[in-house]
Amino acid sequence: MHAHIAEAVKKPDLISLAPDLACLRFETMKIYSALGAVRQLLASGAVEPGDTLIDSSSGIYAQALALACHRYGMKCHIVGSTTVDRSTRVQLEILGATLEQVPPSRNLRLDQELRVRRIAEILAANPSYHWMRQYHDDIHYSGYREVAEAIGKDLPTGPLALVGGVGSGASTGAIASYLRAAGRDVSLVGVQPFGSVTFGSEHVADPDMIIAGIGSAIEFENVRHELYDRVHWVNFECAVSGAVALLRTSGIFAGLSAGAAYLGALWERRRDDSRTYVFIAADTGHRYVESAYARHEQALDIETLKPHEITSLDQLRHPWSTAPWPATTS
């Protein structure tokens with residue numbers, strides 16, 4: 001029996017799609033990072049029950065931190081993007097978290113900068129608040145040790161390839177790090193949108209991109225680039241097509257980052273069949289029903305899709321590119 005709903009909701013399911021292909025499906029993955037970080041902060045004495053934790057979020061981490069604070073008797077304040085949907089806003093309110101959303105912005109970079117600026121103002125007025133810094137503090141790695149241990153038990157032998165979206169870096173990077181520390185041969189494949197600075201695609205825009213939680217318009221300090229072996233840059237149309245194909249073939253209803261990771265895993269599997277491929281579905285597809293899934297009849301046949309194999313970042317192009325990492329810049 002679970003002591004709190006957060007402990008139940010966080011647990012992923014490892015679903016076999018083929019003997020050498022599996023989906024690590026979460027309801028909401030960031031509960032692991034939020035719970036792990038709050039536990040570590042409490043254990044170290046950096047915070048105490050009743051303290052206020054604050055952070056910026058586009059929605060997924062906001063819910064995760066609110067649940068972690070509810071679990072451990074903390075207060076929670078979120079500076080949110082305008083993309084925080086009504087369902088999340090209502091849940092935060094009932095859980096006792098407070099949310100303020102920054103004004104609408106012309107682009108993601110300005111939105112992220114406005115949120116960070118607002119946090120600085122709040123901290124100046126409330127120095128006792130603790131800023132969680134989900135994008136910069138690698139304390140968020142610790143919660144994923146349990147995920148790595150579960151993968152190790154369910155897939156006990158042989159080399160692995162882990163494929164997943166890279167936002168803050170604390171999920172894919174952490175899981176691969178813990179598996180490698182346990183002696184596992186793991187290839188780590190990161191998935192990015194175009195326009196993200198994290199792996200150097202900021203010069204290639206994708207105006208349709210709405211994949212939440214991956215990529216960034218500002219530098220995220222807890223992305224350990226050296227952990228990654230390959231990167232795939234996937235545009236909105238391909239991510240939607242991957243997500244629709246994943247639902248159609250497996251019944252897994254997941255977010256767009258899962259659709260992009262599914263494409264990446266299938267391609268990597270064609271290149272090297274010596275590994276078992278595990279791709280991450282970080283959340284469900286509910287937030288993408290109108291913007292993506294409702295267009296399922298327009299989805300492309302993924303069998304017709306293949307990435308541009310590039311050797312330098314100046315070769316990046318739509319709709320899908322891939323390269324070993326680190327890639328050269330010219």
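Here is a friendly exchange between a colleague and a modeller about the predicted model shown above.

Colleague: Glad to look at this with you. What pLDDT do local features need in this predicted model?

Modeller: Residues are numbered from 1 along each chain as its sequence is written, and side-chain values use heavy atoms, with hydrogens and water left out. Totals for chains, interfaces and linings use all residues, side-chain atom pairs count only at pLDDT 80 or more, and local features need pLDDT of at least 70.

Colleague: Thanks! Which strands are at the edges of the open sheet of 8 strands?

Modeller: Strands here are DSSP runs of E of at least two residues, helices are runs of H or I of at least four, and both are numbered from the N terminus. Two strands pair if DSSP finds at least two bridges between them. The order is β1-β2-β10-β7-β8-β9-β12-β11, with mixed pairing. Each edge strand pairs on one side only, and these are β1 (13-18) and β11.

Colleague: In β10, which residue is the bridge partner of Leu24?

Modeller: Strand β2 (residues 21-25) runs parallel to β10, and 5 bridges join the two. Leu24 has as its partner in β10 the residue Ile280.

Colleague: And which residue in β8 stands opposite Gly165?

Modeller: β7 and β8 run parallel and are joined by 6 bridges. Opposite Gly165, in β8, stands Val191.

Colleague: How many residues of β8 are buried?

Modeller: Buried means under 20% relative accessible area, exposed means over 50%, and partly exposed lies in between, with a 1.4 Å probe and protein chains only. Val186, Leu188, Gly190 and Gln192 point one way from β8, while Ser187, Val189 and Val191 point the other way, and all are buried. The strand is mostly covered, and its buried count is 7 of 7.

Colleague: Now to a helix: why is α7 largely enclosed by the rest of the structure?

Modeller: Helix α7 covers residues 172-181. Its buried residues are Thr172, Gly173, Ala174, Ile175, Ala176, Tyr178 and Leu179. They pack against α6 (145-154), β7 (160-165), β8 (186-192) and β10 (276-281). The helix is largely enclosed because its buried residues number 7 of 10.

Colleague: What positive phi does Gly183 take?

Modeller: Gly183 comes just after α7. Its positive phi is about 95°.

Colleague: Is Arg133 buried, partly exposed or exposed?

Modeller: Arg133 is found in the loop between β6 (130-131) and α6. Its phi is near 50°, a positive value in a residue other than glycine. At 27% relative accessibility, Arg133 counts as partly exposed.

Colleague: Back to helix packing: is α2 parallel, perpendicular or oblique to α3?

Modeller: Axes are lines fitted to C-alpha atoms, for helices over the stretch in contact, and angles run from 0 to 180 degrees between N-to-C directions. Angles under 35 degrees count as roughly parallel, over 145 as roughly antiparallel, 65 to 115 as roughly perpendicular and the rest as oblique. Helix α2 (residues 30-44) packs with helix α3 (residues 60-72) at about 40°, with the axes 8 Å apart. That makes the relation of α2 to α3 oblique.

Colleague: How many nonpolar residues does the contact of α2 with α3 have?

Modeller: Contact means heavy atoms within 4.5 Å, and residues including Leu35 and Val38 in α2 meet residues including Ala64 and Leu65 in α3. Ala, Val, Leu, Ile, Met, Phe, Trp, Tyr, Cys and Pro count as nonpolar, Asp, Glu, Lys and Arg as charged, and the others, Gly among them, as polar. By class, the contact has 1 polar and 3 charged residues, and its nonpolar residues number 12.

Colleague: In β6, which residue stands opposite Ile54?

Modeller: The open sheet of 4 strands has the order β5-β4-β3-β6, with parallel pairing. Strand β3 (residues 52-57) is joined to β6 by 2 bridges. Opposite Ile54, in β6, is Trp131.

Colleague: One last one: which proline follows Trp325 through a cis peptide bond?

Modeller: The peptide bond from His318 to Pro319 is cis, with omega near 0°, and Pro319 is in the loop between β11 (308-309) and β12 (320-324). From Trp325, the cis bond has omega near 5°. The residue it leads to, placed in the segment after β12, is Pro326.
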